[in-house]
Amino acid sequence: MVRRKDTTVNMFTLSCSLNISRNELSRYFTSCLNSTFRIWLAEVRFEAAKKMMLDYPDYNNDIISAECGFSSRSYLYRIFKEKEGCSPTVWRAENC
């Protein structure tokens, strides 16, 4: 079984765990990753969802969204539509 992702992670919790200020962390995302924390986190979760769909084809989209830290299944669907142009179900059928 895969380890459930933390849905409560945010700039504050990450900066505390890294022992740096939120401003330092924000500057890192801007200058080094050319992104924001929120966009970066959504991308990490999106890539984890795609990997999990390939690794665990029996898991439904509710399990995938929860395990990858999405706040809801509808958010997972919205991200897939935006990034892949299709639903997670269609993406899975085409890639598994």
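In this predicted model, α5 and α6 sit oblique to each other, since their axes cross at roughly 60 degrees, and an angle of that kind falls outside the 65 to 115 range counted as roughly perpendicular. The two axes come within 9 Å, with α6 covering residues 88-95. On the α5 side, the residues that make the contact are Leu76, Tyr77, Phe80 and Glu84; facing them from α6 are Pro88, Thr89 and Trp91. Sorted by class, this contact has five nonpolar residues, along with one polar and one charged.

A second helix pair turns up towards the other end of the numbering. Helix α1 (residues 11-18) packs on helix α2 (residues 22-31) with the axes 9 Å apart and an angle of about 100 degrees between them. That angle lies between 65 and 115 degrees, so α1 and α2 count as roughly perpendicular to each other. From α1, the contact draws on Met11, Phe12, Leu14, Ser15 and Leu18, while α2 brings in Arg22, Leu25, Ser26 and Phe29. Here the class count comes to six nonpolar, two polar and one charged.

Stepping back to the whole chain, the secondary structure amounts to six helices and zero strands, which reads α-α-α-α-α-α from the N terminus on. Taken along the principal axes, the C-alpha atoms fill a box of roughly 40 × 30 × 20 Å.

Helix α5 comes up again in the salt bridges, of which the structure holds five. One of them joins the side chains of Glu43 and Lys83, with 2.8 Å from N to O. Glu43 belongs to helix α3 and Lys83 to helix α5, so this pair ties together parts that lie 40 residues apart in sequence. In general, side chains of opposite charge can pair when their charged atoms come close.

Those two helices also turn up at the largest pocket, which has a volume of about 300 Å³. Two or more lining residues come from each of α3 (37-55) and α5 (73-84), and α3 gives the largest share, with six residues. The lining adds up to 14 residues, and those nearest the centre of the pocket are Arg38, Ile39, Ala42, Tyr75 and Ile79. As for the character of the lining, six residues are nonpolar, six are charged and two are polar.

Helix α5, then, has a part in several of these features: α5 meets α6 through residues such as Leu76 and Phe80, carries Lys83 of the bridge to α3, and gives residues to the lining of the largest pocket.

Methods: Residues numbered from 1 in each chain as written. Predicted model: local features only at pLDDT ≥ 70, side-chain atom pairs only at ≥ 80, totals over all residues. Heavy atoms only, no water. 1 Å grid on protein atoms, 1.4 Å probe; cavity = no way out; pocket = protein on both sides within 12 Å on 5 of 7 lines; lining within 4 Å. Points joined across faces, edges and corners; volume = space filled by probe spheres on them. Helix = DSSP H or I, 4+ residues; strand = E, 2+ residues; numbered from the N terminus. Nonpolar A, V, L, I, M, F, W, Y, C, P; charged D, E, K, R; others polar. Axes fitted to C-alpha atoms, helices over the stretch in contact; angles between N-to-C directions. Parallel < 35°, antiparallel > 145°, perpendicular 65-115°, else oblique. Contact = heavy atoms within 4.5 Å. Salt bridge = Lys/Arg side-chain N within 4 Å of Asp/Glu carboxyl O.
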